[in-house]
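Student: Could we take a close look at a single part of this protein together? I'd like to see how one piece sits within the rest.

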Amino acid sequence: MTRLVLRLLVAPLLVATSIANAGPPQVSVRQAGVGNVLPIGQPTGIEVLVDPGDLAPATYILEWESTTPDGDVLLYQRRIPLAGNPVRTWIHGQVPRHLERDMPIRLRHADDLTVLASTDVITRTSTSLVLPEGAELMLVIGQSRRGLEGYEAATPNTPPVWSHTSNTVRTIAVEDLPDRSAGLAAVSTLLWTGDTAELDSTRATVLRDWMEAGGHLIISLPDIGDPWQLGQPGGLWQDILPANPTRTDLRPEFMATLLSPDALVPMDETRMPAQVFGPTIGIDTPWHTVLTLPDGQPVAIARSIGFGRLTLIGIDVTSPALMRYRIEQTPAGLLPTGTLPSAAVFWNPILARRGDAPTPTQDRVAMDRGKLIGMPPHFVEFTDQVVAHGIQQTVAAGGRLLFVLGWLALCWLVGGPLLWRFLGRWNRRSWTWPAFTVLAAIGALFAAAAGGLMSLSSAEGRHFTLLEQIAGTPRHHVRSWVDLRLPGTQQHILSVERQPNEQPRLGHWIESNQSTIHFADTRTLIANTETPEQLPVQARSTAVGLTIDWLGVLNPEDWGGVLWVVDPVRPTPADSPGSPLQGVLQSALPATLRDISIIWVEARTEPDPTQPDAWADPAKAGHMPTRVWWWKLTGEVPPEGQIGLSQLPPRSSANLLSTQIHDIFRNHELRFGVGQFTKRRGRIAAELLGLYRLLTPPQWQADNVKVVADWVMASRQFGTELEVGAALGTPMLIVTGFLDEADLPIPLSIDGDPMHTPQGEVMVRWILPLPDAEPVDAHGITR
């Protein structure tokens, strides 16, 4: 009883002492973007540590100040409860394309909006990184990047993977994951190593939503334990994870060919734990084999999750056993193995990437040959003109401006020299100024009347849209770039429909070559991060650009679907002389589909363990992770029209994707930049961006005959949103085409009222996953 009384007496004293010692509130930035990477022009999250100090328990406003392309101040705001203890929280928004200064983070009072504390997001420091548009961000849950660092061209002492893709690879902890999928929007791949003890339900939902929207989650199963509860009732993601794999212990030399193309020699006979999965070929399963052991057992499998991908690896890539390999002694000494697993035989197949990935040993062999690489004969630059060239509305606005300038020039000409000369003939030059005043008044009235007739009476817009659907699922993924002309000078709220359990996003956008042009009369816009489907905009009777990222089910009355399978799609025997595919597809689109492509990912190829040699034929450069065929149809498909796959040409080297890509670059000097665009070029560029990871890689060493082969250097400054991604690593059928002058698939509202539907171009992409198949040769011969 005495202790209880003492506690009751001491407790208020401790609280009072704590309050007396508390200082003013403070905010600090823990992560400027997940992994401390700020993706230019893309959504992200900023993790903030808020210490309330002596603030009374209440709800406060956390604020992130950004800017719009017009120069207006854009405040992303989120309400957060504070009750004495420091709080780690996230605030989500979009990094501007024209990131020119640091971005303030503030804590405000919810009632009078007084700034209580502030700090800045320092955009260029030793700990934060700016990710340029067109580059990819890969994250690793763990302490090491486990061989993925080879995809960063600037990694010291690591031979790079020779591809056109710029990558940034960062390691993070589980607690560093954002609390919303928007924080991972710029992340293409996430490798999970270790256990799941810190993975709570909120972040598990974030990862699931991120995969559904197109992210690629790779899980490396640990040697010990079953943190993912595979095959267990009530386990995490039991609806999408496979049954429990079979555990085995493998001889180290048995694993060597899976880890590196080099001749690895184990330092001892310690066996390496591994987990193998059940067969995926010839059975009804959503899983596909990605990697196998030398005896053919699947050790890595993958499946589609919505528009994304989930891969499971039965090898613990963090295992110390991977450090017990060396390369045989050579006259040059002991050569390093490089980081294991290697990209060439392990990560490239998992990521469905094409590119020469030499090990340190192979890189040294190439250097000893002394062959130099010259400049590429072709250069292809992918810019935002892929979408901007068809939506720009400068003609109408420029016409009004030219009319006003022309009218002013005419008034000055008539009211100046001509009036002076005319009245001079009648000796009435004293009337010049009164006459000029009358003419000026008449001209002003006429200009006002003409301006009123020519001004905007309602919002108008143009768009470029990627409409994507997975066969057999009702959901659509819509990505749109819209150029709107808004009348008046008021602030408006643009919005799209938000369906249950979905999080559509709207953002400001403008083509990059105009992103530094700002208006002088800047305004302040406030965006509520709890309603990402709404976006504040400032009208100035000029164009306002925005992006839409939308997931959901489209109105069946307007969009009954994309394609229907009338006759099941199936491959024909490899030695048959006719079409390689059978089946019939029917269009469910509201308009005629044009410029149609059929892309068939037939099967995976076995990794190539040999030395990547110099090549003279770019069509055979870089090992393809899958064998892919590409046919362009010459006709059009009207609504309810059909595509008969039996009419496709037979297999030939000319129809291989690698050959098709090379031919496009060889026959067209394509620089996808400003002033060099036509509708046809734009469509070619959009399709190539979807297949970007399979483009012909850069030449990494010279040929014996020619110093430089007929290869192409590509640069992607825009368009990661258009890429199919790692899904290209498993069998599927992809049908793409374009709709001319089609409605924006997503109804757009202004201040809650539906606006006139913008017109524009819709790129349709329909994906049909196919059953797993036996591995094949990359250049057309079945193994």
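Student: Let's pick α4: is the helix mostly covered or mostly exposed, and how many of its residues are buried?

Tutor: Happy to walk through it with you, and please keep in mind that this is a predicted model. α4 is mostly covered, with 9 of its 9 residues buried. Going along the helix, the buried residues are Ala343, Ala344, Val345, Phe346, Trp347, Asn348, Pro349, Ile350 and Leu351.

What covers them? The buried residues of α4 pack against another helix, α3 (252–259), and against the strands β10, β12 (187–192), β13 (216–220), β17 (288–292) and β19 (308–313). In general, nonpolar side chains in soluble globular proteins tend to be buried together.

Now step off the end of the helix. Ala352 follows α4, and its phi is positive, near 55°. In the loop between α4 (343–351) and α5 (360–369) you will also find Arg353. Arg353 forms a salt bridge with Glu136, with the closest N and O atoms 2.7 Å apart. This pair links distant parts of the chain, since Glu136 belongs to strand β10 (residues 136–141) and the two residues are 217 residues apart. So β10 comes up twice here: the buried residues of α4 pack against β10, and Glu136 of β10 is the partner of Arg353. Both charged residues are covered as well: Arg353 counts as buried because its relative accessibility is 5%, below the 20% cut-off, and Glu136 counts as buried at 4%.

It helps to set that pair beside others. The count for this model comes to 47 salt bridges. One of them joins Arg106 and Glu65, whose closest N and O atoms are 2.4 Å apart. That pair also links distant parts of the chain, with Arg106 in strand β7 (residues 103–109) and Glu65 in strand β4 (residues 58–67), 41 residues apart. Arg106 is buried, with a relative accessible area of 16%, and Glu65 is buried too, at 9%.

For a contrast in exposure, try Arg594 and Asp740, whose side chains meet in a salt bridge at 3.3 Å, N to O. Arg594 lies in strand β31 (residues 594–604) and Asp740 in strand β35 (residues 732–743), so the pair ties together parts 146 residues apart in sequence. Here Arg594 is partly exposed, with a relative accessible area of 27%, and Asp740 is partly exposed at 23%. Salt bridges that share partners join Arg594 and Asp740 into one network with Asp595, Glu636, Lys679, Arg680, Arg683 and Glu761.

Finally, let's place α4 in the whole chain. The chain has 10 helices and 38 strands. Of its 783 residues, 54% count as buried, while in α4 9 of 9 residues are buried. Contacts between residues 24 or more positions apart make up 76% of those in the chain with a separation of 6 or more. The pairing of Arg353 with Glu136 spans 217 residues. As for the surface, the chain exposes about 33900 Å², and carbon and sulfur atoms supply 56% of that area.

How values were computed
Residues numbered from 1 in each chain as written. Predicted model: local features only at pLDDT ≥ 70, side-chain atom pairs only at ≥ 80, totals over all residues. Heavy atoms only, no water. Salt bridge = Lys/Arg side-chain N within 4 Å of Asp/Glu carboxyl O. Helix = DSSP H or I, 4+ residues; strand = E, 2+ residues; numbered from the N terminus. Buried < 20%, exposed > 50% of the residue type's maximum accessible area, 1.4 Å probe, protein only. Contact = heavy atoms within 4.5 Å. Areas by Shrake-Rupley, 256 points an atom, 1.4 Å probe, with all protein chains shown as cover.
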